[in-house]
Amino acid sequence: MKTGEPHCPGDEDETFKDGITNGAHWYDVEGGMQDYNYVWANCFEITLELSCCKYPPASQLQQEWENNRESLITLIEKVHIGVKGFVKDSVTGSGLENATVSVAGINHNITTGRFGDFHRLLVPGTYNLTVVLTGYMPLTVYNIVVKEGPATQVDFSLRPTVTSLIPDTTEAVATASTVAIPNIPSETSSSYQPIQPKDFHHHHFPDMEIFLRRFANEYSNITRLYSLGKSVESRELYVMEISDNPGVHEPGEPEFKYIGNMHGNEVVGRELLLNLIEYLCKNFGTDTEVTDLVRSTRIHLMPSMNPDGYEKSQEGDSIGVTGRNNSNNFDLNRNFPDQFVQITDPTQPETIAVMSWMKAYPFVLSANLHGGSLVVNYPFDDDEQGLATYSKSPDDAVFQQIALSYSKENSQMYQGRPCKNMYPNEYFPHGITNGASWYNVPGGMQDWNYLQTNCFEVTIELGCVKYPLEKDLPKFWEQNRRSLIQFMKQVHQGVKGFVLDATDGRGILNATISVAEINHPVTTYKTGDYWRLLVPGTYKITASARGLGQSAEYRHIWSLEISNKPNISEPEEPKIRFVAGIHGNAPVGTELLLALAEFLCLNYKKNPAVTQLVDRTRIVIVPSLNPDGRERAQEKDCTSKTGQTNAHGKDLDTDFTSNASQPETKAIIENLIQKQDFSLSVALDGGSVLVTYPYDKPVQTVENKETLKHLASLYANNHPSMHMGQPSCPNKSDENIPGGVMRGAEWHSHLGSMKDYSVTYGHCPEITVYTSCCYFPGAAQLPSLWAENKRSLLSMLVEVHKGVHGLVKDKTGKPISKAVIVLNEGIKVHTKEGGYFHILLAPGVHNINAIADGYQQQHSQVFVHHDAASSVVIVFDADNRIFGLPRELVVTVSGATMSALILTACIIWCICSIKSNRHKDGFHRLRQHHDEYEDEIRMMSTGSKKSLLSHEFQDETDTEEETLYSSKH
C-alpha cells in the first residue's frame, strides 16, 4: 500500500502517493459514510481499500492479515493523539454535555460527551481552543502545545451566565387593576454585540429540514422540533419550539407564535424565521435580551405553512401568483371559517393542521408573515357588507399598539409609503392598517385566531418583492430583526394571572375572563392561568366558570366527571363520554344518564365492582346538550318535534363541522371532543330502540367498521329487547333491524353529526343509542327504562377497558407523547402525556404502525381478545438516532392478555318498588335511596387476584356462569 502502486487488474497505471488519496480527488462519492461521520458526529473516519480482489480465496486471508496487522494496530493507537479533557460547571463541578469545542483556524467543531469529556484529534503544533455552551460564558485557552504521542490534557471550567428576568406583567388579584407596561431590556449593552445569523440563502424543503434538524440537535436544551401534520404533497409542517423548558407548558408563561410562507411564493417570512431560530439559539445564555425572552416565553416558529407552494415558486417573483396557493390550488388565507361569509371551499390539510394546533396551545400573540407590501395589517380583515371599509374589532386599541411595536422598529415600514414604484398611491400612516380598510379578505387566518382562540394575531407584509433575490436576504434581516424581537415582547403586556378553585386551590380550566366594556372574553388554560393583552389603563376584570359553556339562551351546559381523582390528569386510565339531550324533544337519555350518575355515586365505596369502575375509569357525563329545546318540549309528547332544535332553530346534530355555528356544539367540540383523550363515547337519544354506529353521512367504506359494529352490538346484546331488532314503535310496527344495530347513514343519513365528528376529529369511536320509541315518556315509564338500559350502560364502562392499551417510550425509558399510532391503516390516535395510548378494537388480529418524528415507521400485529385488553409496549431505540436518521423501532407485545381487566359478571336488575314524586312538569330524574341499591346489587367473588372488575354483578334470576357478556341470541 505505501508504495502507492497497487497494480490492480484493469487499473495498472493507477498510483497514489504514499498509498493515500483524497476521496473526491480519486472519484466522487455522494452519500458516503466517512463524510457523514466527520460532518455530523465527532468522529474522524477514513476508508481503507485493503485488496485489489474484493472477495479473495480463503488461501490468501493469512497473507492479508500479515499485510494489515501492524497498520490496524497503529491506526487504533492514533485515537490518543491531539487534545483531550473535560468541560465542567465552575459552580457545581459537574460535567457539561454538548458543549462546543472549537480550534482557532480550523472550521470543524466537536462537542462534549455525557460527562463533559472531549477528545480532539490534532497533529503536533500550537493551538487556541475555545469552549462554548448556552447558559455559560465562553472560555478560550491559548497556546496549547500538542506533541507526538499521547494527547495533551486541557480541562475547561465554565462560569454560568447570570441574567435578570423579565419583570412580570400586572398580576390580577382583584376585579379592578391598573395595567402598566413592563420594562423589558432592549438588545444589549454596548460592550457586547449579539451573534448575527450567517445562513442567508433560499432554503428549499430538504435544506430547510436539514437546517431545522441541525439546530434542534445542536441546541436540544432550548429547542424542540415537531410537526403539525403534512401538506397535500406529504411534506411535514414543521414547527420549532424555543424555550428554556421545551415541550412543557410552564404555568403562568405565555406562548407566542410566528407563521411564515402561508402563500408559497411569499418567501421572506420563511427565511426570516430561520434567521430568527439561528439568532435565538446562538445568543441564548450570552445575550441578556434573548436569554430573558426565551426564559419567560414559550416561542413557536413555523417557517412554512405552505411548503408545496414554495417548491413551485420562482426566485425574483414580485407580483406573480405561481406557488401562492397550496397543491390543491386553494388560497390558505381564504380557507378559514369566517364570521361574516360562509366559506364553501373544502378545508385544506394545512388549514386543518394549523387550526388544531391553535386550539391545542394557549397562544397569546401571533403574527402571520406575508410579502407583496410593507405594512402591519390587523383585524378585522372583512366586514358584513364585504366592502373595503374600517372593520373595528373590540380590541382595536390593543391591535394598533402591537402593530406599532413592529412597524416602529422598521424605519422604511414606519414611513408608510412602501412600494412607490408599484403602488404610488398607497399610504399607511405609521406603517399599519386595519385589514378591511385596506381590502376585504374573507376566510383569513388572523380573524379566526382572534374569534376562535385566545390569540391576538396580525398579518405582516415584509416587502414589496414576494420572492427577492438571495443576495438581498441579509438586508431583510437587518430591517426586521429588531421588529421581530420587539413584537415578541408584546406578549407580556396587559394582565395575567390564575383562576383557582377557592375550596382546594386548584386551577380551573376554561374559566372566562371578561373585561368590562370590551366584548372579547378569553379563557383559562389547564392550570387556571390566563393572559389578557390590554393597553395601559384601569380596568374591571371578572372571572367566571360554569359547566362546559352556555346555550343560545344562556342556560348552562353541565358536565359531570366521575372519578376517584376528578380534575387530575391520569392518562393511563381509559376515559368514556356519555352525552344526551342533543335533541331537546327527546330528554329520555338525560334521565337515564342522571340515573347512571346517581347509581355510581351512591354505590361508590359500598359496592366493590362500582368502586373499582370509578377508581379505574374517567367517566364524563353531559346530561343535556340542548337545554333550550328541552324547556319547550312537553312530557308524553312521543312524536312531537317541538324542542328538537335549539333556540336558533338549528338541529345540533347537523352542526358538528369545522365551522360549527352554535354555542352548544362549540362547547362540546372545544371542551371535550377536540381534547382527543376519550376512548369511547355513547350518545343517548329517543324515537326508536336500536343502536347506530358511524357514519351518519353517506360513505362508500367505513374505517374500523368491525370495531364500531362490535361496540354497538355489545350495547344491544345487553338490552332485553333491543337485540331482537323489532322496536315495535307506533307507526313503525313492521320495522326490522337485524341485531338491533345499523349504520347511521342507513337509518337516517345526514351531515354534521356528533358521532361522525367524534370519530374524524376526536379519534374516538361513538355510538348513538335510541333508548325509547317515545321521545318524551311519562315519569311512570322511567323505572322500567332504567332497568332495561342499566346493564347496557354498565357494559360500556367495562368495554372501555378492553382493546389495546399501549405505552410508547425510548430506550432510556422516557415516554414519547404525541406519537401517532395507526391501526389497520386507518384508525389514528396520538399518545398522551406519559406516552400512553388506548384504542378499542373488535376481537381479532390488528395491524399496528407506530410513527414518531425522526424515527422509522414500524409495523407489528396484535391479537385482541374478546374478554381482556392486549398490552403493547413500543420502544424506540434512541441510540441509533443521529440527526434525523431512522431509529430502529422495537415493538414488544407484552402478554396476550391484561389479566382481569374485565368484569366477568352478570348484571341483574330487580327494581322492585320504585316510587317517584313528580316535579311540576311531571318529568324528572329517577331517585332511589342508596339502601335499595344495596339490596339490588351484590358481589360474587371469583376467588382470584384479578386487577379490574374481578367480581361479578349477579342477577338473582341468572346462573353464575351467565356473565355480563352472555350472548342474547
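The legends below describe close-up views of a predicted model.

**View 1. The eight-stranded sheet.**
Eight strands make up an open sheet with mixed pairing, in the order E11-E12-E14-E13-E15-E18-E16-E17. Strand E11 (223–230) and strand E17 (432–434) are at the edges with a single partner strand each, so one side of each has no neighbour in the sheet. On average, and with direction ignored, neighbouring strands of this sheet are turned by 20 degrees against each other. Inside the sheet, strand E12 (residues 236–242) pairs with strand E14 (residues 298–302) in the antiparallel sense, over three bridges. One residue to look for is isoleucine 242, whose bridge partner in E14 is isoleucine 299.

**View 2. Two helices lying across the eight-stranded sheet.**
Helix H4 (residues 205–218) lies across E11 and E12. The direction of H4 is at about 30 degrees to E12. Helix H5 (residues 268–283) lies across E11, E12, strand E13 (255–260), E14, strand E15 (363–370) and E18. H5 runs at about 145 degrees to E14.

**View 3. The four-stranded sheet.**
A further view shows an open sheet of four strands, in the order E3-E2-E5-E6, with antiparallel pairing. Strand E3 (106–111) and strand E6 (139–146) are the edge strands, and each pairs on one side only. Neighbouring strands of this sheet are turned by 25 degrees against each other on average, direction ignored. Strand E5 (residues 125–132) and E6 are joined in the antiparallel sense over six bridges. Threonine 126 is found opposite valine 145 in E6.

**View 4. An edge-to-face pair of rings.**
The structure holds 28 aromatic pairs. One of them is formed by tyrosine 38 and phenylalanine 44, which meet edge-to-face, with 5.3 Å centre to centre and 85 degrees between the planes. Tyrosine 38 has 33% relative accessibility and counts as partly exposed. Phenylalanine 44 also counts as partly exposed, at 37% relative accessibility.

**View 5. A stacked pair of tyrosines and an arginine over one ring.**
Tyrosine 310 and tyrosine 467 form a stacked aromatic pair, 5.8 Å centre to centre with 25 degrees between the planes. Tyrosine 310 is in helix H7 (residues 307–312), while tyrosine 467 is in the loop between strand E18 (456–463) and helix H13 (473–489), so the pair ties together parts that are 157 residues apart in sequence. Both tyrosine 310 and tyrosine 467 are buried. The ring of tyrosine 310 also has the charged end of arginine 270 over it, 3.6 Å from the ring centre.

**View 6. An aromatic cluster, and a lysine over a ring.**
One aromatic cluster is formed by Tyr226, Trp357, Tyr361 and Phe363. Elsewhere in the sequence, the charged end of lysine 88 sits over the ring of phenylalanine 86, at 5.6 Å from its centre.

**View 7. Helix H14 and the residue after it.**
Helix H14 (residues 588–603) has 16 residues. From its first C-alpha to its last, H14 reaches 23 Å, close to the 22 Å expected at 1.5 Å a residue. H14 is mostly covered, with 13 of its 16 residues buried. Just after H14 comes lysine 605, which takes a positive phi of about 70 degrees.

**View 8. A buried asparagine in a loop.**
Asparagine 410 is placed in the loop between helix H9 (396–407) and helix H10 (411–415). With 1% relative accessibility, asparagine 410 counts as buried, because the cut-off for that class is under 20%. With neighbours within four places in sequence left aside, the contacts of asparagine 410 are Leu374, Gln479, Asn480 and Ser483.

**View 9. An exposed leucine in a loop.**
Leucine 751 belongs to the loop between helix H19 (744–748) and helix H20 (754–761). Its relative accessible area is 60%, so leucine 751 is exposed. Apart from neighbours within four places in sequence, leucine 751 is in contact with Asp653, Thr654, Lys697 and Pro698. Threonine 657 is 94 residues from leucine 751 in sequence, and the two are 8.7 Å apart in space, C-alpha to C-alpha.

Terms used:
Residues are numbered from 1 along each chain as its sequence is written. This is a predicted model: local features need pLDDT of at least 70, side-chain atom pairs count only at pLDDT 80 or more; totals for chains, interfaces and linings use all residues. Side-chain values use heavy atoms; hydrogens and water are left out. Rings of Phe, Tyr and Trp (its six-membered ring) pair if their centres lie within 6.5 Å; planes under 30 degrees apart count as stacked, over 60 as edge-to-face and the rest as tilted. Buried means under 20% relative accessible area, exposed over 50%, partly exposed in between (1.4 Å probe, protein chains only). A charge sits over a ring if NZ of Lys or CZ of Arg is within 6 Å of the ring centre and within 35 degrees of the ring normal. Two strands pair if DSSP finds at least two bridges between them. Axes are lines fitted to C-alpha atoms, for helices over the stretch in contact, and angles run from 0 to 180 degrees between N-to-C directions. Contact means heavy atoms within 4.5 Å. The expected span of a helix is 1.5 Å times one less than its number of residues.
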